[in-house]
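Open the model in your viewer and keep the sequence panel visible. The stops below give selections to make in turn, with a short account of what each one contains.

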Amino acid sequence: MPETTHHEAWADRAWGALLERTEQTAAEVGPRFPLYADPESGAWKSTSRGSWTGGFWAGLLWLRALASGAPQDRAAAAECTRRLAHWDRPGHRHPRADLLVRHRARSRAGARR
């Protein structure tokens, strides 16, 4: 078995901490989007529409789904992404959002095969 380098061990710990914190935050905010946590209490301020953090949160949920392979994590990530659809309209789309739109179209086409 190859030795684990210091960098790999650090990365593994960081990845584990990210997944653990995503799990904790998901349990705390439920179907809402985390916006920021109170520095004193740690309680989350959340939003129903995603605000500027919605895409980051959806991305974290997709990473969790990728890591776990669990159908419920994939469903949670897909639902979170779906709830951001109201941002996908002229005047509100970031130029790089077209990448996501094309990816979703390819994913849907692949799912129908």
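Select Glu-79 and Arg-83 and show their side chains: in this predicted model the two meet in a salt bridge, with N to O at 4.0 Å. Keep Glu-79 selected and add Arg-82, with which Glu-79 forms another salt bridge, its closest N and O atoms lying 2.6 Å apart. Glu-79 and Arg-82 both belong to helix α3, residues 71-82, and because they are 3 residues apart there, about one helical turn separates them. An α-helix has 3.6 residues a turn, so residues three or four places apart point the same way. Is Glu-79 buried, exposed or partly exposed? Its relative accessibility is 34%, and Glu-79 therefore counts as partly exposed.

Next, select Glu-23, Arg-64 and Asp-73, which salt bridges with shared partners join into one network. Within it, the side chains of Asp-73 and Arg-64 meet at 3.6 Å, N to O. Here the partners are covered: Asp-73 has a relative accessible area of 10% and is buried, and Arg-64, at 8%, counts as buried as well. Side chains of opposite charge can pair when their charged atoms come close. The structure holds 4 salt bridges.

Now display the whole of α3. Its 12 residues reach 16 Å from the first C-alpha to the last, close to the 16 Å expected at 1.5 Å a residue. Colour its buried residues, Asp-73, Ala-77, Cys-80 and Thr-81, and look down the helix axis. These buried residues fall within an arc of 100 degrees, so they line one face of α3. Then turn to the other side of the helix, where Pro-71, Gln-72 and Arg-82 are exposed.

From the buried face, pick Cys-80 and ask which residues it touches, leaving aside those up to four places away in sequence. They are Phe-33, Trp-57, Ala-58 and Leu-61. Cys-80 and these four are part of the largest nonpolar core. To see that core complete, extend the selection with Ala-26, Val-29, Ala-77 and Leu-84, which brings it to 9 residues in all. Helices α1 (6-29), α2 (54-68) and α3 each supply at least two of the core residues. The most come from α2, which gives 3.

Centre the view on Trp-57, in helix α2. Where does Trp-57 stand on accessibility, buried or exposed? Its relative accessible area is 5%, so Trp-57 is buried. Show everything Trp-57 touches, again not counting residues up to four places away in sequence: Thr-22, Thr-25, Ala-26, Val-29, Arg-32, Phe-33, Pro-34 and Cys-80. For one of these contacts, draw the distance between the C-alpha atoms of Trp-57 and Ala-26: it is 9.3 Å, across 31 residues of sequence.

Finally, zoom out and colour by secondary structure. The protein has 4 helices and 2 strands, in the order α-β-β-α-α-α along the sequence. Of its 113 residues, 21% count as buried. Switch on the surface: the accessible area comes to about 8,500 Å², and carbon and sulfur atoms account for 59% of it. Among contacts with a separation of 6 or more, 38% join residues 24 or more positions apart.

Key:
Residues numbered from 1 in each chain as written. Predicted model: local features only at pLDDT ≥ 70, side-chain atom pairs only at ≥ 80, totals over all residues. Heavy atoms only, no water. Buried < 20%, exposed > 50% of the residue type's maximum accessible area, 1.4 Å probe, protein only. Contact = heavy atoms within 4.5 Å. Areas by Shrake-Rupley, 256 points an atom, 1.4 Å probe, with all protein chains shown as cover. Core = buried A, V, L, I, M, F, W, Y, C linked by side-chain atoms within 4.5 Å. Expected span 1.5 Å × (residues − 1). Arc of directions from axis to C-beta.
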